[in-house]
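Here's a quick tour of one fold, a few helices and strands at a time. Have the viewer open and follow along.

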Amino acid sequence: MFAANPSRRAVVSVYGGSGVGKSEIASILTYYLNDMDVGAYTLSGDNYPHRIPHFNDAERLRIFRVSGIHGLMATEEYAKEHVETLAQLMKSGAEADPDAVQAHPWLAEYQRAGRAGLNGYLGTQNEIDFSELSLILGQFKAGADELYLKRMGREETQLWYDRVDVANLSVLVVEWTHGNNNLLNGVDIPIFLHSTPQETLEHRRLRARDGSTDSPFTTMVLELEQQLLASQAQKAEIIVSKHGELLTLEQYRRLEAE
């Protein structure tokens with residue numbers, strides 16, 4: 001780990017789906033490292049999307065809708081009566097609901113194309129500034145005494161940087177859904193906190209994180225994020241179940257297949 005790291009510093013990422021407990025586990029890990037006189041600090045990757053949450057949610061929905069309409073047009077399903085029905089489905093938030101396909105078979109192509117478009121946005125450089133965060137991790141491991149860390153609130157004007165003293169730190173703990181993404185450089189030990197989409201959605205409902213946690217579109221986003229996490233699982237150094245059990249990659253694959 002330290003061969004090309006003369007400062008002998010490490011970056012640990014605690015990652016997984018929304019609501020799996022990343023913040024709590026990262027905080028506990030940081031606390032115990034500091035208690036053992038191993039200087040540690042928790043960095044939240046949630047501050048590194050290009051857009052604040054409200055605008056990012058809007059961009060996700062825009063991409064889904066535009067991609068879905070383009071899919072309909074490509075199959076010549078974009079009839080006038082479908083446009084009117086789709087507008088009503090959009091207003092009710094049911095356009096991403098798989099059950100709606102039973103009443104509107106043409107909606108299957110809309111949803112398929114919309115998912116494909118959304119899949120090309122979630123967890124990519126278009127959504128997240130992986131370059132900036134990778135640079136910060138590189139600066140830390142190169143021995144920087146201080147870092148400028150981005151802070152992002154939920155309002156357009158809530159954007160600033162804090163200067164953080166890291167001179168006496170040995171470990172940077174990154175807590176973030178995308179902490180094992182192929183576009184993120186500098187992570188030494190990725191820790192995957194695994195939960196099923198159902199567990200993730202239930203946890204979000206209990207937290208009442210936003211007003212549409214149980215919407216069909218939010219469910220779709222969670223499923224796509226889960227697929228992305230699954231594709232990265234082989235790179236995880238440690239995999240932990242929702243119940244605190246250590247899993248091998250094979251055990252994790254079996255759980256995913258159930």
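How many of the five residues of strand E6 (residues 189-193) are buried? Four of them are, so to speak, under cover: E6 is mostly covered. Here, buried means under 20% relative accessible area with a 1.4 Å probe, protein chains only, and strands are DSSP runs of E with at least two residues, while helices are runs of H or I with at least four, both numbered from the N terminus.

A word on the ground rules. This is a predicted model, where local features need pLDDT of at least 70 and side-chain atom pairs count only at pLDDT 80 or more, while totals for chains, interfaces and linings use all residues. Residues are numbered from 1 along each chain as its sequence is written, and side-chain values use heavy atoms, with hydrogens and water left out.

**Strands around E6**

E6 has two pairings to look at, where pairing takes at least two DSSP bridges between the strands.

| Strand paired with E6 | Bridges | Direction | Partner of Phe192 |
|---|---|---|---|
| E1 (residues 10-16) | five | parallel | Tyr15 |
| E7 (residues 238-240) | three | parallel | Ile239 |

Phe192 therefore makes a handy landmark: Tyr15 stands opposite Phe192, and in E7 its bridge partner is Ile239.Tyr15 also turns up on the helix side. Gln232 lies in helix H7 and touches Tyr15, Asn180, Asn181 and Asn182, leaving aside residues up to four places away in sequence; contact means heavy atoms within 4.5 Å. Gln232 counts as buried because its relative accessibility is 3%.

**H7 against H4**

H7 (216-232) and H4 (107-119) are among the helices that cover the buried residues of H2. H4 and H7 pack at an angle of about 55 degrees, with axes 11 Å apart. That makes H4 oblique to H7, since angles under 35 degrees count as roughly parallel, over 145 as roughly antiparallel, 65 to 115 as roughly perpendicular and the rest as oblique. On the H4 side, Arg115, Leu118 and Asn119 meet a set in H7 that includes Phe217, Met220 and Leu224.

**Helix H2**

H2 (residues 53-74) has 22 residues and reaches 31 Å from first C-alpha to last, close to the 32 Å expected at 1.5 Å a residue, that expectation being 1.5 Å times one less than the number of residues. Its buried residues include Asn56, Glu59, Arg60, Ile63, Phe64 and Ser67. An α-helix has 3.6 residues a turn, so residues three or four places apart point the same way. Helix H3 (80-92) is also part of the cover over the buried residues of H2. Just after H2, Glu76 takes a positive phi of about 60 degrees.

Technical notes:
Buried means under 20% relative accessible area, exposed over 50%, partly exposed in between (1.4 Å probe, protein chains only). Axes are lines fitted to C-alpha atoms, for helices over the stretch in contact, and angles run from 0 to 180 degrees between N-to-C directions.
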